[in-house]
Amino acid sequence: MLRSALTTVLPVMTLLALPMLAWAQATPTPNRVDGYGAPATTAPSPPNPSNHGETEVNILSSYYSQDGNHGAVEGGQGTQQLTDFTPTIILNVPLDSATRISANLGMDYYASASTDRIDQVLSTPSSSDTRYHLDLGYSRQLADKRTIVGVGGGFSKEYDYLSGNITASWAHTSADGNRELSVAAQVFFDRATLILPAELRQGRGGDHGSGFDTRQSYNLNLVYSQVLTQRLQAAVSTELVAQNGLLSTPFHRVYFRETGGALGTAKTELLPRQRLKYPVGLRLNYYATDLVQLRGYYRFYNDNFGIRAHTLELETPLKVTPFFVLYPFYRYHTQTAADYFAPYLEHSITDEYYTSDYDLANFSANKIGLGLRYSPVYGIGRFKTPFGGQVAKFKALDLRYAYYRQSTGLTANLISADLSFTLP
C-alpha cells in the first residue's frame, strides 16, 4: 500500500550507488510517496576497463527498523514502528566494448504498525505489503570515447500504487579526463488508489472510499565534476524537480483545535497539487594519503512548500590492508517546517492546506555508521554456475551499519550488504 511510514525506507542501496543525488526529504532514504524511489540504475555508467567484457552482478539486501511516536496516520501522534526488507539484483551486461544494458530487479517487504491504524483495527491487511520494481537501461559510448548516452525505463507496483518512469542521460568527459558534465532527465507517472481512514469512507462507496488519482514528477539532474589537484576533486550538482497531481497521502489524518481529537472529526491530509524543488550540492574528495581519504558533501535545499534544509555528510575511508577498507560516516540534517504543517490539534478548520506529517516538520537529524569493504585482486572465491558450467567470481563484499535519530524522537537502525560477482 501507499504508506506514509515507508517514506523513510525505500531502496537504501540506491543511495550507496548514487551518492551525488540529493533528495528533498530528511529521512535516511528517498521518499517515493513524494515523487522519488524508482531505482536510477538506468543512468549510464562508463565502461569498466578492468572487467574485460564480464557481466557484473550485484546482490544487495538491507534490513531497516524504525520507531517513533508521531505517526501521520493518527494525526501526528501514535506509533511510527516499521520494518523493511529489500532484496535487489543489479545486472550490468556489456554487449560490446562500447554498449551496455542494465537491469535492476527487486522487492520491498515491509510491516508497519502505524498504517495498521488506517482502519483502527490491529492486524488488518494494511499492516504489511510488498512492492516490486524492475528498471532496464541501455547506454553507449560514442566514437569520441568521451561521451556516453543512455535511455531506460521501469515500473514499480504494490497493492494500491503503480508507478512507471522513463529516463535519458548524457555524460561528456574532457580530453584530459579532468572534467566531466553529466545530464540526466527522468519522468515518473504514478497512479494511486485513494485509501481513506475508515471513519471518512461513509457515502464514498467501495472498499477504500474515493477512487484513484495520479501524479507526474519531472526530474533534471546536473553534475559537473573537476579534478582540482592531484589529491583534490570537486563536484557541483543540482536536481530540479517539478511535481503535479496527488501530493497528499489520503490516509493521513489531521485533527483540528476547534473540533478536538474525536475520531469522527478528522479530515484527510490536504496539500497543494504542485511542488517545485531546487537543491544544490557540493562534493569534495581529498586523498590525504595512500591509506586515508576524506569525502565531504554539503547540500542546500529549498522548495515552494516553505522547506529550507541544510545537509552535511562526511566519510573517511581507511585502507587497513590493500584489499580491506573501513569507512566510518556521519550525516547531519536540519530543516524548517513546511508552511502547511502543524502538530496534533494545532491546525484550524479555516486552513486551506493542512498536514501533521513529521517528514514536513521542523527538525534536525543525525546518522552515524560504519562500513567495510573486502575486495581482493583475484576475488574472494570462484564457483561454477548452474548455467552452462561457467565459472563465476565472487569479487567483493560490502557491509554497512547505520544508526539514525531525529530531534522528533524517531530512531532507526539499518544493516545492508552488497555482494559483487562477475561472469565471463
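Trainee: Buried or exposed: which word fits Tyr340?
Mentor: This is a predicted model, where local features need pLDDT of at least 70, side-chain atom pairs count only at pLDDT 80 or more, and totals for chains, interfaces and linings use all residues. Residues are numbered from 1 along each chain as its sequence is written, and side-chain values use heavy atoms, with hydrogens and water left out. Under 20% relative accessible area is buried, over 50% is exposed, and in between is partly exposed (1.4 Å probe, protein chains only). Tyr340 has a relative accessible area of 18%, so call it buried.

Trainee: How many aromatic pairs are there?
Mentor: Rings of Phe, Tyr and Trp (its six-membered ring) pair if their centres lie within 6.5 Å; planes under 30 degrees apart are stacked, over 60 edge-to-face, and the rest tilted. Going by that rule, the count is seven.

Trainee: What kind of aromatic pair do Tyr340 and Tyr353 form?
Mentor: Tyr353 is partly exposed, at 25% relative accessible area. Its ring and that of Tyr340 sit 5.4 Å apart, centre to centre. With 70° between the planes, the pair is edge-to-face.

Trainee: How many residues apart in sequence are the parts that Phe394 and Phe421 tie together?
Mentor: These two rings are stacked, 4.9 Å centre to centre with 20° between the planes. Strands are DSSP runs (E, at least two residues), numbered from the N terminus, as are helices (H or I, at least four). Phe394 lies in strand β21 (residues 391-406) and Phe421 in strand β22, so the separation is 27 residues.

Trainee: Which elements give two or more residues to the largest nonpolar core?
Mentor: A nonpolar core is a set of buried Ala, Val, Leu, Ile, Met, Phe, Trp, Tyr and Cys residues joined through side-chain atoms within 4.5 Å. The largest has 11 residues, including Tyr64, Phe341 and Ala412. The elements you want are β19 (363-374) and β22 (411-423).

Trainee: What area does the nonpolar patch on the surface have together?
Mentor: Patch residues have over 30% relative accessible area and no salt bridge; like charges are joined within 9 Å, nonpolar side chains (Val, Leu, Ile, Met, Phe, Trp, Tyr) within 5 Å. A salt bridge puts a side-chain nitrogen of Lys or Arg within 4 Å of a carboxyl oxygen of Asp or Glu. Leu314, in strand β16, is one of the members. By the Shrake-Rupley method with a 1.4 Å probe, only the protein chains shown counting as cover for residues, the accessible area comes to about 520 Å².
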